[in-house]
Amino acid sequence: MVKHIVLFKLKNSISQSQKNQIMNQFKEAIEALPAVIPFIRAIEVGLNSNPEEQWDIALYSEFDSLDDVKKYAIHPEHVKAGQILADVKENRACVDYTI
């Protein structure tokens, strides 16, 4: 099994109200993906509640293989969900590891 973990930092130039709206929209879109991408084994999006930390969003997901992660990355519905953050994302960090 591969665990796919991604952190997102949104631009400081947008208001907290806008960030909250965007983050919730992203969470809803990502967490709806297992209904259309059957090889997602688990997925959840956490929104940071600690203002002293630099990352705004944590995405956790599980796949059977790294090939499935790669298919997920280019799946049209995942790409569409990712567009929610396209103009407001300042930074992204990712790790994929096999257990």
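**Strands, helices and overall form of a predicted model**

In this predicted model, the protein has 3 helices and 4 strands.

Me: In what pattern do the helices and strands follow one another along the sequence?
Reply: The elements to be placed in order are the 3 helices and 4 strands of the protein. Read along the sequence, with β for a strand and α for a helix, they give the pattern β-α-β-β-α-α-β.

Me: How many bridges join strand 1 to strand 3, and how many join strand 2 to strand 3?
Reply: Strand 1, residues 2-10, pairs with strand 3 in the antiparallel sense, and within this pairing the bridge partner of His4 is Ser61. Strand 2, residues 42-47, also runs antiparallel to strand 3, and here Ala42 stands opposite Glu62. The count for strand 1 with strand 3 is 7 bridges, and for strand 2 with strand 3 it is 6 bridges.

Me: How many of the residues of strand 3 are buried?
Reply: Strand 3 spans residues 57-63 and pairs with strand 1 as well as with strand 2. A residue is called buried when its relative accessible area is under 20%. Strand 3 is mostly covered, and of its 7 residues the number buried is 5.

Me: Is Asp67 buried or exposed?
Reply: Asp67 lies in helix 2, which covers residues 66-74. Its relative accessible area is 53%, and the term exposed applies over 50%. Because 53% is over that cut-off, Asp67 is exposed.

Me: How far apart in space are Asp67 and Ile99?
Reply: In sequence, Asp67, a residue of helix 2, and Ile99 are 32 residues apart. Taken from C-alpha to C-alpha, their separation in space is 15 Å.

Me: Why does the radius of gyration of the protein agree with that of a compact globule?
Reply: For 99 residues, a compact globule would have a radius of gyration near 13 Å. The C-alpha atoms fill a box of roughly 40 × 25 × 20 Å along the principal axes. The two radii agree because the value for the protein is also 13 Å.

Me: What share of the contacts with a separation of 6 or more comes from residues 24 or more positions apart?
Reply: The contacts considered here are those in the protein whose partners have a separation of 6 or more in sequence. Within that set, residues 24 or more positions apart account for 70%.

Me: What part of the exposed area do carbon and sulfur atoms supply?
Reply: Of the 99 residues of the protein, 33% count as buried. The protein exposes about 6,000 Å², and the part supplied by carbon and sulfur atoms is 49%.

Note on methods
Residues numbered from 1 in each chain as written. Predicted model: local features only at pLDDT ≥ 70, side-chain atom pairs only at ≥ 80, totals over all residues. Heavy atoms only, no water. Buried < 20%, exposed > 50% of the residue type's maximum accessible area, 1.4 Å probe, protein only. Helix = DSSP H or I, 4+ residues; strand = E, 2+ residues; numbered from the N terminus. Pairing = 2+ DSSP bridges. Rg over C-alpha atoms; globule rule 2.2 N^0.38 Å. Contact = heavy atoms within 4.5 Å. Areas by Shrake-Rupley, 256 points an atom, 1.4 Å probe, with all protein chains shown as cover.
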